[in-house]
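Visitor: I have a model open in front of me and would like to learn how to read it. Could you walk me through it, starting with the ligand?

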Amino acid sequence: MPVIEPDVSRARRVGRAPGDGRLRVAVLISGGGSNLQSLIEAQRDPDYGIELVVVGSDRAAGGLQLAERAGIPTFVESVRSHPDRAAWDSALTARLAAHRPELVISAGFLKLVGADFLREFAGRYLNTHNALLPSFPGIHGPADALAYGVKIAGATLFFVDEGVDTGPILAQVAVPVEDGDDVHTLTERIKVAERRQLVDQVGRLARQGWTIQGRKVSIP
Ligand code: GRF
C-alpha cells in the first residue's frame, strides 16, 4: 500500500505572522456554511495553524457570503456551465489549484468530484459527513439513520477516495438519538458535534501533519 505523505512541513511551523507557515486550506460548500463559519472563527487565532485561501461552490450558496465577509476569495463553478462532468471537474480543480491549497475540505459540498480532482488532491481532500460511516452514506444521512431506528448517530471526517463516502477515516463523533427526534432535531445535534470535530481535527492536521497508509490515517 502506498504511503501518501502530503507536504505539510510548512504547517508544522505555527504561531507565525499571518500568511507565513500556516496550512493553506480551501473549503467547498453547497449550503449555509455553518461548518465553514467554524473554520473562519478558528483561523482568527494564528496558533490554530490554517489560512483559508479560497471558498468555492457549485452554486450561489448562502455560505459564500460568510467567506466574503471574512475577506476570503470565493468562486462558483456550476456543473451546468460546462459541456460535461469531466470538464466541470477539470475547471473546479484548476480554480482551486490556482490558490495553492495544501488541504481541501468539503463541508456540505453536494457534488462528487472526478478523476482530475482526486489526482490533484489525493490524500488532501477531506469530507465531513453527517453519519457514522460506513452506515448511511449519501446525502440523507440523518434521515436514513432515523428511519433505520439507530440509537447512536454522529459524524465522520474522512479523506475522499473514488467511492461515495468510502475513504480512510480521520475521526468520528457520536451523538445520541433521542425519543421524539425528527430529522431536523437530529441533524442539528449532529452538526454541533460535527463542527467541533472538524475544527479540532483540522487544527491537528495543520499543526502536526498527517500520513495515510491504506485505510489508516495517522497524525504524528
Ligand atoms: C453537514 O452536516 C454535512 O455533513 C452535510 O451537510 C451539512 C453542511 O452544513 N453533508 P453547513 O452548510 O456547513 O451548515
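Visitor: Which atom of the ligand does the backbone of Gly-32 approach?

Guide: This is a predicted model, and in it a backbone N or O atom of Gly-32 is placed 3.5 Å from an oxygen atom of the ligand. For Gly-33, a backbone N or O atom lies 2.8 Å from a ligand oxygen atom.

Visitor: What does the side chain of Asn-35 do there?

Guide: An N or O atom in the side chain of Asn-35 is 2.8 Å from an oxygen atom of the ligand. As for cover, the ligand taken alone exposes 370 Å², and the protein buries 85% of that.

Visitor: Which residues are around the ligand?

Guide: Look for residues with a heavy atom within 4 Å of the ligand. They are Gly-31, Gly-32, Gly-33, Ser-34, Asn-35, Gly-108, Thr-128, His-129, Asn-130, Lys-191 and Glu-194. Sorted by class, this shell has nine polar residues, two charged ones and no nonpolar ones. Remember that Gly is counted among the polar residues here.

Visitor: Which elements each supply at least two residues of that shell?

Guide: Three to pick out on your screen: α1 (34-43), β6 (125-129) and α6 (183-208).

Visitor: Now for pockets. How do I read one?

Guide: The general idea is that rolling a probe the size of a water molecule over the atoms shows where empty space is left. In this model, the largest pocket holds about 830 Å³ of space. Its lining has 37 residues, and those closest to the pocket centre are Gly-108, Phe-109, Leu-110, Thr-128 and Ile-139. Two or more lining residues come from each of α1, β6, α5 (141-148) and α6.

Visitor: How do the residues of that lining divide by class?

Guide: The lining of the largest pocket has 15 nonpolar, 16 polar and six charged residues. Compare that with the ligand shell, where no residue is nonpolar.

Visitor: And which pocket does the ligand take up?

Guide: The ligand occupies the space of the largest pocket.

Visitor: What about the backbone? Which residues does a cis peptide bond join?

Guide: For a peptide bond, omega is the angle to read. Leu-133 and Pro-134 are joined by a cis peptide bond, with omega about 10°. You can find Pro-134 in the loop between β6 and α5.

Visitor: Is phi of Arg-100 positive or negative?

Guide: Phi of Arg-100 is a positive value, near 50°, in a residue other than glycine. Arg-100 sits in the loop between α3 (85-97) and β5 (103-106).

Terms used
Residues are numbered from 1 along each chain as its sequence is written. This is a predicted model: local features need pLDDT of at least 70, side-chain atom pairs count only at pLDDT 80 or more; totals for chains, interfaces and linings use all residues. Side-chain values use heavy atoms; hydrogens and water are left out. A polar contact is a pair of N or O atoms within 3.5 Å; within protein, one must be able to donate a hydrogen and the other to accept it, and residues adjacent in sequence count only if both atoms are side-chain atoms. Accessible areas come from the Shrake-Rupley method with a 1.4 Å probe; for residues, only the protein chains shown count as cover. On a 1 Å grid over the protein atoms alone, a cavity is a set of points where a 1.4 Å probe fits but cannot get out, and a pocket is an open set with protein on both sides within 12 Å along at least five of seven lines; lining residues have an atom within 4 Å of a point. A molecule sits in a cavity or pocket if more than half of its atoms lie within 2 Å of its grid points. Helices (H or I, at least four residues) and strands (E, at least two) are DSSP runs, numbered from the N terminus. Grid points are joined across faces, edges and corners, and a volume is the space filled by probe spheres set on the points.
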